[in-house]
Amino acid sequence: MAGNLQDDARIALDIVEHSPSVAMRVSGDNGAWVIQFITSNVSMFGYRREDFLSGKLTWADVVYPEDLGPLCDTLDSFAARGIDDYNTSYRVVTSTGSYMWVQDHSTVARDAAGNVLYTDCVISDQTSMVQSQEKAEDNLRQQQVLNDILQALHASDMDEAFRIILDRTGVYLDISRVILFEDNPDHTQCSAIYEWCNQGIPSMLEQGEFTLDYKTDIPDIEADLKNLGLRVVDYGDVPERSNQEFTREGVIAAAIFSVYQGSERYGFICFDECVQHRRWEEDTLAFLRNVSKLVSTALVRKKDEEAVIRMAYHDQLTGLANGYRFDHYLGQAIEDARADGRYGYVLFIDMDDFKIINEGYGHDYGDALLVRVAQYLEEQFGESCRLFRFGGDEFTVLVSHHQAGQAMNIVDAILARAQHPWFVMDREFYCTISIGVVRYPEADDGVTEVIKNADIAMYGAKNQGKNSFVVYNRREDNDSLHRAETERRLRDAIENGYAGFQVYYQPLVNIDGEITGAEALIRWQGEDGRMISPGDFIPLAEYLGLIVPLGEFVLQQAALTCQRINTKLPNFSISVNVSIRQFQQRDFLTRAEQILRQTGVDFSRIVLEATEGMVMEDIGYMKLMMEELHALGLRIAMDDFGTGYSSLSNMRELPLDIVKIDRAFIQDIATDAYSKTFVRLITDLCHSMGRAVCVEGVETAEQYRYCTECQTDTIQGYYFYKPMPKDDMMAVLFESEEKNV
Ligand code: C2E
Ligand code: CA
Ligand code: CA
């Protein structure tokens with residue numbers, strides 16, 4: 001079977017010649033390899049074997065110049081370590097000037113002394129393998145870029161994400177410039193928003209605002225982007241740049257992609273090449289298309305982020321900054337004022353009884369009113385101060401130390417404005433305002449203290465009867481402690497079956513001094529046994545809504561008392577104060593009716609008192625309410641008349657039975673001619689309208705005499721009786737008759 005040696009060698013050579021591997025034997029020093037034998041398939045590199053055999057070419061001549069040095073080093077190191085069988089890989093320059101990657105398997109032959117005799121090499125083409133390896137490495141790098149971008153998109157800061165997208169893509173492509181452009185609203189122009197520049201490339205953004213016009217600066221681009229979402233510019237293929245676009249930026253080639261924010265076109269991203277000719281391979285473009293999609297994702301996230309920030313920092317209804325913003329700016333303002341050694345002010349604004357409008361007319365009106373007030377504040381003070389909707393119907397004005405001198409003028413202006421109606425959705429609403437004023441910085445007060453103190457001052461203004469302002473001072477801190485304590489005790493007492501509450505009665509007399517009825521007045525016995533005056537807890541109970549159960553308690557007690565008295569004195573009537581908070585309850589009528597029915601009282605013997613101020617706040621609503629109460633048979637008195645803003649025509653419209661002239665008037669008759677005239681005039685007018693008149697606060701004989709002169713119907717005052725417990729009143733009523741009724 002075995003042939004002779006020569007035949008075997010020929011066969012082996014044949015096999016090698018037809019393989020993709022060149023076989024050769026070289027001798028000589030590194031870098032000057034002389035070829036002793038080489039197979040003719042060296043033609044795969046474009047050379048003839050004769051050129052090598054004749055010595056015209058050595059192997060060193062065809063090794064890629066850059067690879068020759070490193071190859072020699074590698075061979076030296078093998079020799080030094082005594083390795084005679086090894087693989088190397090390097091590039092071979094082909095006869096056409098390109099190169100091919102090869103793997104070279106070498107075996108060194110030595111003589112007995114160890115000197116190199118020759119080296120046998122088998123050289124195989126690795127180009128396609130190396131290329132796919134390069135491709136794999138490139139894919140890996142692309143993957144890395146996309147990973148970095150995705151990671152940036154997960155971070156919260158989208159500005160940073162844009163920077164990372166541009167930077168990573170730019171570095172990866174080794175391109176000149178990456179710019180993101182945003183269209184103007186009508187998509188006729190675009191402006192650079194973010195930019196990344198490679199080393200040595202001038203920045204466009206740093207030269208100022210960079211805006212381009214689609215018609216004149218970059219014609220046709222818009223159509224391309226619209227149709228294809230892509231525009232590739234390659235001036236390498238265009239002999240003369242007929243087209244002016246991009247040339248002024250020195251762009252030789254560019255790939256441009258549309259980017260979107262959700263479904264809306266946002267603008268485009270531009271990858272510029274200014275240094276060398278660049279061909280846009282299809283897979284590079286595919287990668288860039290992915291990058292553009294990620295930019296679009298980032299744009300959507302940015303929009304969401306901005307929406308979240310807007311939502312977090314702005315009040316959606318009024319558009320003013322909100323409470324969070326207030327905290328932030330106040331903190332800043334306190335620091336600034338402290339640094340400048342000056343004072344600023346916080347105005348804490350609360351709309352008096354906003355709830356009436358909101359609940360009485362519906363939230364649309366409430367919302368519109370808030371918007372109206374915010375608009376007013378913005379128009380008047382928006383330029384000089386920072387305004388916030390603090391929450392609900394509360395606004396704050398931050399008067400910085402630069403404007404501090406204006407603070408009280410602003411307060412005055414707001415209060416003056418609030419004396420006039422607000423026009424809202426074709427209606428007029430009266431809604432006065434209470435303002436708490438606090439100065440900062442005080443001691444080492446921070447944001448929390450300033451807000452707390454402003455709130456205390458505002459509450460003080462409410463307590464003063466609303467429609468006013470109070471400037472915070474330290475002393476009121478005690479009041480606030482007092483307030484918290486009172487609040488706790490009020491709640492406890494009401495939960496404990498009105499423990500400590502008692503209804504007192506102040507008899508009312510006719511012009512002859514005979515008792516015709518009484519006013520029920522609540523009293524609260526404190527823990528120490530002292531009586532707490534209603535002035536000290538009614539405003540708080542109203543503020544907390546506790547006046548509703550408390551008022552029902554008074555109504556029930558008064559009705560029971562009245563019913564008992566009526567068995568003996570059928571004309572005796574009792575007046576009960578009703579808070580605006582009670583009137584605002586949707587079920588007020590049914591609740592009142594139910595309570596009164598249970599007591600068995602004659603409805604016509606009960607008078608409900610509403611203060612003039614609260615009637616005027618919402619005259620339409622109160623008129624309807626009064627009509628319904630009338631329908632039940634109850635009588636109605638307008639309390640504290642003269643302190644509010646009602647006009648006489650209002651009075652005529654309202655179904656009132658009694659008008660109670662505020663005690664300020666009778667108390668001033670000796671000193672103030674106006675008050676004196678007021679009492680007489682009102683009495684006459686009321687009589688002409690068929691209303692009864694009660695004068696409150698008669699303390700002296702002279703005041704009583706004036707009442708008789710004016711012919712008022714009833715008189716209430718210490719001159720006759722002070723408020724007293726029920727049993728005392730019973731005693732007064734029936735002293736001449738048998739005891740126990
Ligand atoms: P008001 O309805 O105007 O009640 C009359 C107040 O004037 C009572 O004060 C009474 O004690 C006081 N007064 C009567 N005659 C004189 C006088 O000759 N001189 C002076 N200086 N004062 C006189 P009081 O009992 O302290 O009540 C204060 C306010 O508290 C009441 O003013 C009323 O607005 C409110 N209030 C009292 N009880 C209730 C209640 O049950 N419900 C509601 N919602 N409010 C109540
Ligand atoms: Ca009253
Ligand atoms: Ca009164």
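Mentor: Two strands count as paired when DSSP finds at least two bridges between them. The model we are looking at is predicted.

Trainee: What makes β4 and β5 a pair of strands?

Mentor: Nine bridges join β4, residues 99-110, to β5, residues 116-125. The cut-off is at least two bridges, so nine is enough to call them paired. The two strands run antiparallel. Arginine 110 stands opposite valine 116 in β5.

Trainee: Which strands are called edge strands, and what makes them so?

Mentor: The sheet is open and has five strands in the order β2-β1-β5-β4-β3, with antiparallel pairing. The edge strands are β2 (34-38) and β3 (85-93), each of which pairs on one side only. From one strand to the next, the twist averages 30°.

Trainee: Now the calcium ion, ligand 3. How do you know that Asp639, Asp640 and Glu696 coordinate the calcium ion (ligand 3)?

Mentor: Asp639 (OD), Asp640 (OD) and Glu696 (OE), the last listed twice, stand at 2.1 to 2.6 Å from the calcium ion (ligand 3). For Ca a donor must lie within 3.2 Å, so these atoms qualify. Along the chain, the donors follow the spacing D-D-x55-E.

Trainee: Which residue bridges the calcium ion (ligand 3) and the calcium ion (ligand 2)?

Mentor: Aspartate 639 does, and the two ions lie 3.9 Å apart.

Trainee: Why is aspartate 639 classed as it is, buried or exposed?

Mentor: Aspartate 639 has 5% relative accessibility. Buried means under 20%, so aspartate 639 counts as buried.

Trainee: And why is aspartate 640 called partly exposed?

Mentor: The relative accessible area of aspartate 640 is 24%. Partly exposed lies between the 20% and 50% limits, so the term fits aspartate 640.

Trainee: Turning to ligand 1, what surrounds ligand 1?

Mentor: There are 22 residues around ligand 1, and the closest are Gln506, Arg523, Asp639, Glu699 and Tyr718. β21 (515-525) gives the most to this shell, with four residues. Other elements that supply at least two residues include α16 (547-566) and β25 (635-641).

Trainee: How do you know that arginine 523 makes a polar contact with ligand 1?

Mentor: An N or O atom in the side chain of arginine 523 is 2.8 Å from an oxygen atom of ligand 1. The limit is 3.5 Å, so this pair is a polar contact. For arginine 663 the corresponding distance is 3.3 Å, and for a polar side-chain atom of glutamate 696 it is 3.4 Å. Taken alone, ligand 1 exposes 780 Å², and the protein buries 83% of that.

Definitions and conventions. Residues are numbered from 1 along each chain as its sequence is written. Chains are lettered from A and ligands numbered from 1 in the order in which they are written. This is a predicted model: local features need pLDDT of at least 70, side-chain atom pairs count only at pLDDT 80 or more; totals for chains, interfaces and linings use all residues. Side-chain values use heavy atoms; hydrogens and water are left out. Axes are lines fitted to C-alpha atoms, for helices over the stretch in contact, and angles run from 0 to 180 degrees between N-to-C directions. Donors are N, O and S atoms within 2.8 Å of the metal (3.2 Å for Na, K and Ca); water is not among the atoms, so sites may look incomplete. Buried means under 20% relative accessible area, exposed over 50%, partly exposed in between (1.4 Å probe, protein chains only). A residue is near a molecule or strand if one of its heavy atoms lies within 4 Å of it. A polar contact is a pair of N or O atoms within 3.5 Å; within protein, one must be able to donate a hydrogen and the other to accept it, and residues adjacent in sequence count only if both atoms are side-chain atoms. Accessible areas come from the Shrake-Rupley method with a 1.4 Å probe; for residues, only the protein chains shown count as cover.
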